[in-house]
Amino acid sequence: MLNRRTRQTLPLLPVLLIIATSILLSCEEAVEHTAPAVLERDSLPMMRSYGVNTLISDSGVIRYRIVAERWDVNIARNPSLWEFMKGVFFEQFDEKFHVEGYIQADTAWYYDKLKLWKLRGRVRIRNMQGLVYTSEELYWDGMRHEFYSNVFSRVVTPERTMEGTYFRSDEHMTHYTVNNSKGSFVPDTGKEEETQQPATAGTPADTVQVPALPQRPAATKRAKTERSMPL
């Protein structure tokens with residue numbers, strides 16, 4: 001026979017059990033949320049810089065100025081490289097610090113151990129003589145001091161216009177070769193002559209994956225042929 005005090009206490013037991021369970025659950029150890037480990041270490045740059053505007057010397061003489069929105073340096077890759085995924089702009093100087101020309105591209109990779117640049121997407125070059133070169137892809141070989149491209153290229157000078165699917169030039173764009181050409185010029189007769197051949201399209205400008213390391217073309221002497229166009 002339960003007395004009156006016992007009958008009043010019994011309804012409180014479920015409430016106390018619920019409160020005790022809530023306290024125990026709240027005291028459990030918090031779960032730490034962590035991201036999975038990065039396995040491909042070479043995908044992370046060692047250095048990333050924004051708003052780059054710097055001078056670069058060659059043999060102790062300032063020769064270039066680089067302007068870029070973003071500059072990534074990745075030394076873990078083989079070979080190591082710099083990446084300019086937001087575009088790059090170069091100015092080239094002579095020994096007296098006078099501007100000789102400029103180079104620009106939407107994307108660029110520089111293999112520092114090989115001294116090899118790959119420029120892609122709306123590549124444009126202008127030199128002191130007024131030559132303007134445009135393409136969707138261009139290599140700049142710092143060891144041989146030359147440019148070359150295997151895609152459609154266009155060269156415009158005050159005297160002529162040349163287009164072709166293979167381009168090779170010295171570093172100053174004073175002697176160059178255009179193969180599979182299409183172009184026009186004004187001879188002494190004053191009449192414009194033109195020859196045309198089908199040209200291939202260039203590489204799309206929105207490609208951002210790091211390309212395979214290109215093979216340098218075989219070193220050859222620049223013969224003075226009708227396709228070689230000295231300025």
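A polar contact is a pair of N or O atoms within 3.5 Å, where within protein one atom must be able to donate a hydrogen and the other to accept it, and where residues adjacent in sequence count only if both atoms are side-chain atoms. One such contact, of 3.2 Å, joins the side chains of Arg168 and Glu146 in the structure described here, which is a predicted model. Residues are numbered from 1 along each chain as its sequence is written, and side-chain values use heavy atoms, with hydrogens and water left out. Because the model is predicted, local features need pLDDT of at least 70 and side-chain atom pairs count only at pLDDT 80 or more, whereas totals for chains, interfaces and linings use all residues.

**Overall picture and confidence**

- The chain contains 2 helices and 15 strands, where helices (H or I, at least four residues) and strands (E, at least two) are DSSP runs numbered from the N terminus.
- Of the 231 residues in the chain, 35% are buried; buried means under 20% relative accessible area, exposed means over 50%, and partly exposed lies in between, with a 1.4 Å probe and protein chains only.
- The accessible surface of the chain is about 15,300 Å², and carbon and sulfur atoms hold 54% of this surface; accessible areas come from the Shrake-Rupley method with a 1.4 Å probe, and for residues only the protein chains shown count as cover.
- Among contacts (heavy atoms within 4.5 Å) between residues at least 6 apart in sequence, 45% join residues at least 24 apart.
- The mean pLDDT of the chain, that is, the predictor's confidence in each residue from 0 to 100, is 75, and 60% of the residues reach 70 or more.
- Over residues 187-210 the pLDDT is below 50, and the model gives this stretch 42 contacts beyond near neighbours in sequence.
- Residues 223-231 also have pLDDT under 50, and for them the model has 24 contacts beyond four places in sequence.

**Charged pairs**

- Side chains of opposite charge can pair when their charged atoms come close.
- The structure holds 9 salt bridges, each defined as a side-chain nitrogen of Lys or Arg within 4 Å of a carboxyl oxygen of Asp or Glu.
- Lys118 and Glu137 form one salt bridge, in which the closest N and O atoms are 3.5 Å apart.
- Since Lys118 lies in strand β7 (residues 116-126) and Glu137 in strand β8 (residues 132-141), this pair ties together parts that are 19 residues apart in sequence, and both Lys118 and Glu137 are buried.
- Glu137 also meets the side chain of Arg120 in a salt bridge of 3.0 Å, N to O.
- Arg120 lies in strand β7 and Glu137 in strand β8, so the pair ties together parts that are 17 residues apart in sequence, and Arg120 is buried, as is Glu137.
- Glu163 and Arg154 are joined through their side chains by a salt bridge of 2.1 Å, N to O; Glu163 counts as buried because its relative accessibility is 11%, whereas Arg154, at 33%, counts as partly exposed.
- Arg48, Arg70 and Asp72 are joined into one network by salt bridges that share partners.

**Individual residues in strands and loops**

- Arg168, a partner in the polar contact with Glu146, has its place in strand β12 (residues 166-170) and counts as buried because its relative accessibility is 12%.
- Lys113 lies in the loop between β6 (107-111) and β7 and is exposed, with a relative accessible area of 62%.
- Lys113 and Pro79 are 34 residues apart in sequence while their C-alpha atoms are 7.1 Å apart in space, and Lys113 is in contact with Ser80 and Met143 when neighbours within four places in sequence are left aside.
- Phe97 is found in the loop between β4 (88-93) and β5 (99-105), where Phe97 is partly exposed, with a relative accessible area of 44%.
- Phe97 and Tyr64 are 33 residues apart in sequence and 9.4 Å apart from C-alpha to C-alpha, and Phe97 touches Leu55 and Ile62, not counting residues up to four places away in sequence.
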